[in-house]
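Colleague: I would like to learn how to read the surroundings of a ligand in a model. Could we go through one case together?

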Amino acid sequence: MMRNEQLWMAPMLGFNEYQFRNIYTKHFRGLDAIIMPFVTLVEGRNVKMDHIKDVWPQNNDCNVALVPQILGNSGEMFFTMNRRLKELGYSEVNWNLGCPAPRVVSHKRGSGLLPYPETIDQVLETVFQNQNIDISVKLRLGYKSPTEIEKIVPILNRYPLKSIVIHPRIATQIYDGMINLDAFERLLPDIHHPVVYNGDITSVERFHILKNRFPQIDQWMIGRGIFWDPFLPERIKGIYHETRESAKFRFEAFHRDLFDAVVQRSFLERNALNKMKEYWKYFKELYQNGQDIFDKIKYCNSCKAIKERFLSIYNEESFKNSLGYPTS
Ligand SMILES: Cc1cc2nc3c(=O)[nH]c(=O)nc-3n(C[C@H](O)[C@H](O)[C@H](O)COP(=O)(O)O)c2cc1C
């Protein structure tokens, strides 16, 4: 891997809030930056501290750059939020133009803004009139059509954005279906800002295929790939030197810390159980008997039971020979 290549962790609401970020970066290397899950813009001149708990500096103890992300469509509210985030010490804010959730889209937010380039323009105009912090955007190719972005790029080009993160899918695909690398490739010459590529980086092989096709890109964002294989950034950067056993040992140390944090922050036992089950939809890919392991985890109905299950996984189960979610 070339030296100036940068790896970003993608925002994943419900998965990489501050406890996860702190624990992940304590146990694994290879990341340069993390975009945090989105904070929704709110009315009013002041942003309440409780609303932005996930970005409080005292909650965040990572040795990588952190970038808060906002979701909304009001330039004024965006500006107010930026002021608050700057006070907290942040130097960059990312604008979410990709979220495909129906509740978000129906309020013309996230990917719901992609069919409205003029609204995107208005918001950026207001924000940049009073610019107080670096701005980047994260977007998809479109809401319904991959050509929607063609009208947005000339608008983005007019503003001094820090970078543009592109996930080359349309919103109606949610997170599945083919990524549209041809459309992404056609766009690249027209974009004046540094581009961060995001989407389906699930293995070192997959990363190299993308890197070979897009040698001009040197910033890469990984979301689900990190949950399928937490060592992926280390492996892409060529700093992964584990045996199957030592990798398993490291993963389990990380997992113990994560489980403790999830239990500690959950108000109800049920919430902690559900959260761990969500994580294991991904983590199961690390183990040889992943599906059996996950099926047993699914039936645990108390923290005591799931903890016992985890102990038996640590003691009895083996990691796969080669990690990485097999999609390439
Ligand atoms: C559970 C989940 C939560 C997500 N939350 C956010 C979010 O808060 N902000 C955002 O811009 N994208 C969000 N995304 C999209 C990811 O950041 C990323 O763009 C997408 O997963 C594709 O990248 P990947 O193939 O590397 O996972 C989320 C995705 C998932 C699966």
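Colleague: Which backbone does a nitrogen atom of the ligand approach through a polar atom?

Modeller: A polar contact is a pair of N or O atoms within 3.5 Å, and here a nitrogen atom of the ligand lies 2.9 Å from a polar backbone atom of Leu 13. This is a predicted model, in which local features need pLDDT of at least 70 and side-chain atom pairs count only at pLDDT 80 or more, while totals for chains, interfaces and linings use all residues. Residues are numbered from 1 along each chain as its sequence is written, and side-chain values use heavy atoms, with hydrogens and water left out.

Colleague: Which side chains make such contacts with a nitrogen or an oxygen atom of the ligand?

Modeller: An N or O atom in the side chain of Asn 96 is 3.3 Å from a nitrogen atom of the ligand, and a polar side-chain atom of Lys 138 is 2.8 Å from an oxygen atom of the ligand. Taken alone, the ligand exposes 610 Å², of which the protein buries 91%, with accessible areas computed by the Shrake-Rupley method with a 1.4 Å probe.

Colleague: How many residues surround the ligand, and which are the closest?

Modeller: A residue is counted if one of its heavy atoms lies within 4 Å of the molecule; 18 residues surround the ligand here, the closest being Pro 11, Gln 69, Asn 198, Asp 200 and Arg 224.

Colleague: How many disulfides does a search of the whole structure find?

Modeller: A disulfide is a covalent bond between the sulfur atoms of two cysteines, taken here as a pair within 2.5 Å, and the search finds zero.

Notes
A polar contact is a pair of N or O atoms within 3.5 Å; within protein, one must be able to donate a hydrogen and the other to accept it, and residues adjacent in sequence count only if both atoms are side-chain atoms.
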